[in-house]
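Q: I'd like a close look at one spot in this model, starting from a single residue and working outwards. Please walk me through who its neighbours are and how the surroundings fit together.

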Amino acid sequence: EDDEVMGPGENSLHSFLFGQDYRDYYLNTSNLVKGDWTLWRDLTFFGSAGTAIYKPLAAANPFHLFGDTLFRPNPWGYGAEDHFIRVGMTVKKHGDVFPRRGWFFKSAAEYSGGAIKSQFTYRKLSSEAKGFAAPSPRTEVGGRLFLGEVTGKNGPAGFALQKLFDLGGPG
């Protein structure tokens, strides 16, 4: 789930230069079946069903160029099995490769527990909107709004910590 906030390339570069890691690492054994349906060029519905077994890992502290800080520890997580169903949609109004203006919207809902026999019981909702424009040939302006919520039937013990939103990171 960390890719929704920061990609692995950006995190790796920041880690190598400054010795700060903003992703959480877990041993994750998973199976996933997913599909999508593009109704129109700009509207896509998607869905997936899967299972994941999470096990927490200790943080590693590799070489970095600047600073002498150690990586923060990975959050402790439950070593348990999660079964989940996820559905959502995306709407986009921009070109596919290197767009200079446009917008993008994505919304998803995820469920675990009850009838699908998961060790976790939670609901996760997320929505993301991005917009960007090029007011001049050498300038681009962009913005992003991300909203999300995770609720568990039994409080925080009811959902996998890997499903939380971590808003940490550089800048």
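A: Ser-112 touches Asp-82, His-83, Phe-84, Ser-118, Phe-120, Thr-121 and Tyr-122, leaving aside residues up to four places away in sequence; contact here means heavy atoms within 4.5 Å. Bear in mind that this is a predicted model, where local features need pLDDT of at least 70 and side-chain atom pairs count only at pLDDT 80 or more, while totals for chains, interfaces and linings use all residues. Numbering starts from 1 along each chain as its sequence is written, and side-chain values use heavy atoms, with hydrogens and water left out.

Ser-112 sits in strand S4 and counts as buried, at 0% relative accessibility. (Buried is under 20% relative accessible area, exposed over 50%, and partly exposed in between, using a 1.4 Å probe and protein chains only.) The Ser-112 side chain also makes a polar contact with the side chain of Asp-82, at 2.7 Å. A polar contact is a pair of N or O atoms within 3.5 Å; within protein, one must be able to donate a hydrogen and the other to accept it, and residues adjacent in sequence count only if both atoms are side-chain atoms.

Now for the strands around it. Strand S4 covers residues 102-112 and pairs with strand S3, residues 81-93, in the antiparallel sense over nine bridges. Strands are DSSP runs (E, at least two residues), numbered from the N terminus, and two of them pair if DSSP finds at least two bridges between them. One place to spot the S3 pairing is Lys-92, whose bridge partner in S4 is Phe-104. S4 is also joined to strand S5 (residues 122-136) by 11 bridges, again antiparallel, and there Tyr-111 has Arg-123 of S5 as its bridge partner.

The loop between S4 and S5 holds Lys-117, which has a positive phi of about 55° without being a glycine. Most residues other than glycine have a negative phi. Lys-117 is exposed, with a relative accessible area of 66%, whereas Ser-112 is buried.

Follow S3 and S5 outwards and you run into some salt bridges, out of five in the whole structure. A salt bridge here is a side-chain nitrogen of Lys or Arg within 4 Å of a carboxyl oxygen of Asp or Glu. Side chains of opposite charge can pair when their charged atoms come close.

Take Arg-41 and Asp-42: their salt bridge has its closest N and O atoms 3.7 Å apart. Asp-42 also meets Lys-93 in a salt bridge, at 3.0 Å from N to O. That pair links distant parts of the chain, with Asp-42 in the loop between strand S1 (26-40) and strand S2 (43-56) and Lys-93 in S3, 51 residues apart. Asp-42 is buried at 17%, Arg-41 is exposed at 61%, and Lys-93 is partly exposed at 44%.

Over on S5, Glu-128 forms a salt bridge with Arg-144, the closest N and O atoms being 2.8 Å apart. Here too distant parts of the chain are linked: Arg-144 is in strand S6 (residues 139-152) and Glu-128 in S5, 16 residues apart. Arg-144 is partly exposed at 42% relative accessibility, and Glu-128 is buried at 11%. Back at the S3 side, salt bridges that share partners join Arg-41, Asp-42 and Lys-93 into one network.

Terms used. Helices (H or I, at least four residues) and strands (E, at least two) are DSSP runs, numbered from the N terminus.
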